[in-house]
Amino acid sequence: MAKRVSRRKIKIHNQYTYEQAADALGVTVQTVRMWRQSGLPVLDSQKPHLILGFALKDYLNERWVKPKRRLAPDQFLCMTWNAPRRAYGGMAEYLPCTAARGRLEALCEDCQGVCGKFASPSLCKQLAPILTIATRNRKCPQKEPCEPSVNHNFRTSTESVGIIGRKQANGQRYKDKTA
Ligand SMILES: [Zn+2]
């Protein structure tokens, strides 16, 4: 179940038999049949049954990312999808907390909400080829010294609303930095 599936191969305007969907995704036909049992909409009025590409994609998008959220170095945890996403526009902002540690924030490529993770100057350096990183002098918002904590990445819903509300300002700020 934790197998990685390449959802990009699914074309939303195509229709798939179980076999074709399995092929495209690199899973077994059994797996695709199981998805049907757990809610994947299937056109079953005639044989072979057909799965609409967009339904399949929706289904996978909804459930797939949950099992593990290992973030690639250039990924952030999106609060909206609770899933790894890349940075919008390939831009991020580094907020130093100590000399060695800080927080990397970016706008989600999907929903453009703010997402962030712990980072270090050396991680920023590694990411420089793929991310434009602006360093802010603003202190890391945490009062405690920055240590990875479970709660830090999971803001309360009211906080998230505030953050998303700020996205305009944020976008502006990014623009200024790169201009
Ligand atoms: Zn997002």
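**View 1. Strand E5 is mostly covered in this predicted model.** Seven of the seven residues of E5 are buried. The strand spans residues 102–108. Ala106 is the bridge partner of Ala92, and Ala106 also stands opposite Cys115 in E6.

**View 2. E5 pairs with E6.** The two strands run antiparallel, and six bridges join them. E6 covers residues 114–119. Look for Arg103 and Phe118: these two are bridge partners, with Phe118 in E6. A second place to look is Ala106, which faces Cys115 of E6.

**View 3. A hairpin turn links E5 and E6.** Five residues lie between the two strands. Gln112 sits in this turn. Its phi is positive, at about 60 degrees.

**View 4. E4 pairs with E5.** Strand E4 takes in residues 83–96. Its pairing with E5 is antiparallel and extends over six bridges. Ala92 marks one of the contacts to find here: its bridge partner in E5 is Ala106.

**View 5. A hairpin joins E4 to E5.** The connection runs through five residues. Beyond it, E5 continues into the hairpin with E6. E5 therefore has pairing partners in E4 and in E6.

Conventions:
Residues numbered from 1 in each chain as written. Predicted model: local features only at pLDDT ≥ 70, side-chain atom pairs only at ≥ 80, totals over all residues. Helix = DSSP H or I, 4+ residues; strand = E, 2+ residues; numbered from the N terminus. Buried ≥ 20, exposed ≤ 12 C-beta atoms within 10 Å, placed from the backbone.
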